[in-house]
Amino acid sequence: LFVYYSGHADAEALHLGATALQLGELEQLVRGSAATFRLLVLDACRSGALTRVKGGRPIPPFELRASERAPGEGAVFLTSSSASEDSQESDELRGSFFTHAFLSGLLGAADEDGDGRVTLEEVYRHAYAATLRNTSRTWAGTQHPTFQYDVRGQGDLVLATLPSTG
């Protein structure tokens with residue numbers, strides 16, 4: 001399942017015209033999907049409230065044994081800004097800094113190892129770095145994308161396979 005939202009929001013909810021969808025409710029809907037893997041990308045002001053660290057405590061290390069390769073499953077949440085930041089748009093780009101970086105990453109700019117496959121990790125790193133770099137020069141200041149990964153399995157999740165140029 002891939003859910004993408006770009007629009008208005010605050011730290012509590014997405015603003016869908018005259019209605020609002022609480023971030024907690026959206027998270028429950030995505031996590032409750034029957035899909036094996038769920039990816040939610042939010043490009044909205046204060047969307048980082050969804051990925052806010054709730055707090056935890058370290059525990060002693062323990063051994064894990066995996067006897068067979070488990071299929072990838074879980075949920076990933078990517079947001080364009082932290083819980084206290086606005087998500088900025090560019091007149092030059094005619095859209096948001098984060099979405100532009102995310103999409104250009106999927107189109108190949110994020111393929112760091114040149115293998116023709118864009119992974120979730122590569123595209124997030126690309127979008128994060130580009131958003132930081134491009135917003136560092138704005139009057140509103142630097143915008144910090146956030147993430148929350150809850151994934152089990154092995155290997156990279158490939159989001160795009162690039163056409164062969166050879």
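**Exercise 1.** In this predicted model, work out the order of the strands in the open sheet of three strands, and say which strands lie at its edges.

*Solution.* Begin with the order, which is β2-β3-β4, with antiparallel pairing. Next, ask which strands pair on one side only: these are β2 (8-9) and β4 (19-22), and they are therefore the edge strands. Then turn to strand β3, residues 13-16, which runs antiparallel to β4 and is joined to β4 by four bridges. As one example of a partner in β4, A13 is bridged to Q22.

**Exercise 2.** Find which strands helix α1 touches, and give the angle between its direction and that of β4.

*Solution.* Helix α1, made of residues 23-31, packs on the sheet, where the strands it touches are β3 and β4. Comparing directions, one finds about 60 degrees between the helix and β4.

**Exercise 3.** Compare the span of helix α2 with that of a straight helix of 13 residues, and list residues of α2 that are buried.

*Solution.* At 1.5 Å a residue, a straight helix of 13 residues would span 18 Å. Helix α2, residues 97-109, spans only 15 Å between its end C-alpha atoms. As for burial, the residues F97, F98, T99, A101, F102 and G105 of α2 are buried.

**Exercise 4.** Decide why T131 counts as buried, and name its contacts beyond its neighbours within four places in sequence.

*Solution.* First locate T131, which is found in helix α3, residues 120-135. Its relative accessibility is 0%, and because buried means under 20%, T131 counts as buried. Leaving aside neighbours within four places in sequence, T131 is in contact with S80, F97, F98, A101, Q143 and P145.

Key: Residues numbered from 1 in each chain as written. Predicted model: local features only at pLDDT ≥ 70, side-chain atom pairs only at ≥ 80, totals over all residues. Heavy atoms only, no water. Pairing = 2+ DSSP bridges. Helix = DSSP H or I, 4+ residues; strand = E, 2+ residues; numbered from the N terminus. Contact = heavy atoms within 4.5 Å. Axes fitted to C-alpha atoms, helices over the stretch in contact; angles between N-to-C directions. Expected span 1.5 Å × (residues − 1). Buried < 20%, exposed > 50% of the residue type's maximum accessible area, 1.4 Å probe, protein only.
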